[in-house]
Amino acid sequence: MRKKSIVIFCLVVVAAVVLNVIAIFGLPGALGSKYGGMLDGETGIRQGIDLAGGSVITFQADAENPTEEEMDSVRSIYETRLTGAGYTEARISVGEGGQITIEIPSGTDTGDGSELSATEQTDAAVELLSEVAKLTFQDYQGNVVLEGSDISSAQSIYGQPSQNANPQYYVQVEFTSEGAQKFADATENAAAQSSPNNVINIVMDDEIVSNPRVSEKIDSTSCVITGNFDAESSAMLANQINSGNLPFEMEKISQETVGAELGRDALPTSLWAAGIGIILVMLFMVIRYRLPGLIADLSLLIYVGLICLVMGVFRVNLSLSGIAGIVLSIGMAVDADCIIFERMKEELKLGKTVRASVEAGFSKAFSAIIDSNITTIISCVVLYMSGIGTVTGFAVTLGIGVILSMFTAIVITKFLMRTLVNIGVRNKNLFYNSKKAEEGTVNA
């Protein structure tokens, strides 16, 4: 048992080192093209506009007091257009009074393998977003059977789309009187076709956003679109349909090119700060908690590797505020360990064995760790929902850090401490200064 525990402990140390090397520098050899490391420009993190520079464009609604639903429709059509044009890293935020701001980092691939200069990128994006939205309903041959002007509204609903159907998310479309007649004729023709030609394609800016099948003529002022929708996808489709019938135009009020001078200095500086912070935290843990502190350092090393790997694999959009979230999460990563080790010390001072103290420490600290981290995660969710670019970047990185820190404290640290006990560690002086504690008790 003791030899097996020693082998396991050594394997964990090696795995922690390998994890960090892969997370930061990528997979070896030919596999490097799949994942080249966290800082790799093609397979790693995406740099936000404050790190890479880019374009910032602001539009104003040409309407008095536009509603939230109308602005969501505008945002949806802008997202569709930008994604279709290759601006997959663009960030859109809706402000007050009908303003929408679009941030596009430099070096955005336009879809044909080329990259535009910052000025060309700004001009191209303005031209793309200034065009009038075009929504059409088409049959399987591509013939337009309805246009956006034939739609009065579209709404995302959760319920039964028909009498015998199960509750689900669906989109309900309301037609104008003329649109209802066009739709009746179109569905009658579609229903007469055999599968897979019995469809009505909903097309936004020459891109199919939905292609529901038609089984019978629909002679009504409304119809429902069903599919594998969730709350987000059904709301998005409703917004896309509504955006084809916007009651106002969007006017560009500003456009500018942002340089990356701040980002070029901030990224390496922030990485150095993070590295120094990790070293200082490790030293503190060893000095304060001795052998358990060393275990916490190993868990922290695994935590750093995990957060780098997750951010690289999922290509998180990293901004300066996101870096701040990472640096903050590093300090928070050992909070749970501190709570656990203090509980362990209390148990050891009561005369319990090392094994019993380790188990009691984790058991008694568990609820406090969960509560504190859950409240932080809730805060991250609220910040993310704000939709403000710099705030969402901070919320994403901090949220990832908190979740991973819970995993390393509750799972990794506990596993390593149990392994240490199985190796045969019994000396209480390796956990705290037991002699000093006894002297203090006697003097008291």
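**Exercise 1. Surroundings of Asn-20**

Leaving aside its neighbours within four places in sequence, with which residues is Asn-20 in contact? Determine also the helix that holds Asn-20 and the degree of burial of its side chain's residue.

*Solution.* The model under study is a predicted one.

Step 1. Asn-20 is placed in helix α1. This helix has 24 residues, and the distance from its first C-alpha to its last is 35 Å, close to the 34 Å expected at 1.5 Å a residue.

Step 2. Buried means under 20% relative accessible area. Asn-20 has a relative accessible area of 10%, and therefore counts as buried. The buried residues of α1 are Ala-16, Leu-19, Asn-20 and Ala-23, together with Ser-5 and Val-12.

Step 3. Once neighbours within four places in sequence are set aside, the contacts of Asn-20 are Leu-301, Val-304 and Gly-305.

Step 4. Just after α1 comes Gly-26, whose phi is positive, at about 95°.

**Exercise 2. The nonpolar cores**

Identify the members of the largest nonpolar core that touch the most other members, and state which helix supplies the largest share of this core.

*Solution.*

Step 1. The largest nonpolar core has 55 residues; Met-285, Tyr-303, Met-311 and Phe-431 are those that touch the most other members.

Step 2. At least two residues of this core come from each of α1 (2-25), α7 (261-289), α8 (291-313), α9 (320-332), α10 (335-349), α11 (354-385) and α12 (389-423). The largest share, twelve residues, is supplied by α8.

Step 3. Another core, of 20 residues, lies apart from this one and includes Ala-154, Ala-180, Ala-186 and Val-214.

Step 4. Met-311 may now be examined individually. Beyond its neighbours within four places in sequence, Met-311 is in contact with Met-38, Ile-45, Val-316, Leu-318, Ile-326 and Thr-397.

Step 5. One of these contacts, Ile-326, is a buried residue of α9. Ser-321, Gly-322, Ile-323, Gly-325, Ser-329 and Ile-330 are also buried in that helix. With 13 residues, α9 reaches 19 Å from its first C-alpha to its last, close to the expected 18 Å.

**Exercise 3. Asp-297 in helix α8**

Is Asp-297 buried or exposed, and which residues does Asp-297 touch, not counting those up to four places away in sequence?

*Solution.*

Step 1. Asp-297 lies in helix α8. Its relative accessible area is 8%, so Asp-297 is buried.

Step 2. Not counting residues up to four places away in sequence, Asp-297 touches Val-281, Met-282, Met-285 and Val-286. Among these, Met-285 is one of the members of the largest core that touch the most others.

Step 3. The C-alpha atoms of Asp-297 and Leu-283 are separated by 8.5 Å, and the two residues are 14 apart along the chain.

**Exercise 4. Salt bridges**

How many salt bridges does the model contain? Analyse the pairs formed by Lys-182, Glu-188 and Lys-345.

*Solution.*

Step 1. The count comes to eight salt bridges, with a cut-off of 4 Å between nitrogen and oxygen.

Step 2. Lys-182 pairs with Glu-178 at 3.7 Å, N to O. Both residues lie in helix α5 (residues 177-191), four residues apart, which is about one turn of the helix. Lys-182 counts as partly exposed, at 31% relative accessibility. A network of salt bridges links Asp-150, Glu-178 and Lys-182.

Step 3. In the pair of Glu-188 and Lys-217, the closest N and O atoms are 3.9 Å apart. Glu-188 belongs to helix α5 and Lys-217 to the loop between β10 (207-210) and β11 (222-225), so this pair ties together parts that are 29 residues apart in sequence. Glu-188 is partly exposed at 41% relative accessibility, and Lys-217 is likewise partly exposed, with a relative accessible area of 41%.

Step 4. Lys-345 and Glu-342 meet at 4.0 Å, N to O. They lie three residues apart in helix α10, about one turn of the helix. Lys-345 counts as buried at 13% relative accessibility, whereas Glu-342, at 24%, is partly exposed.

**Exercise 5. A nonpolar surface patch**

Which residues form a nonpolar patch on the surface?

*Solution.*

Step 1. The patch consists of Trp-272, Ile-276, Ile-279, Leu-280, Leu-283 and Ile-287, which together have about 720 Å² of accessible area.

Step 2. Leu-280 is found in helix α7. Exposed means over 50% relative accessible area; Leu-280, with 53%, is therefore exposed.

Terms used
Residues numbered from 1 in each chain as written. Predicted model: local features only at pLDDT ≥ 70, side-chain atom pairs only at ≥ 80, totals over all residues. Heavy atoms only, no water. Core = buried A, V, L, I, M, F, W, Y, C linked by side-chain atoms within 4.5 Å. Buried < 20%, exposed > 50% of the residue type's maximum accessible area, 1.4 Å probe, protein only. Contact = heavy atoms within 4.5 Å. Expected span 1.5 Å × (residues − 1). Salt bridge = Lys/Arg side-chain N within 4 Å of Asp/Glu carboxyl O. Patch = residues over 30% accessible without salt bridge, like charges linked within 9 Å, V, L, I, M, F, W, Y side chains within 5 Å. Areas by Shrake-Rupley, 256 points an atom, 1.4 Å probe, with all protein chains shown as cover.
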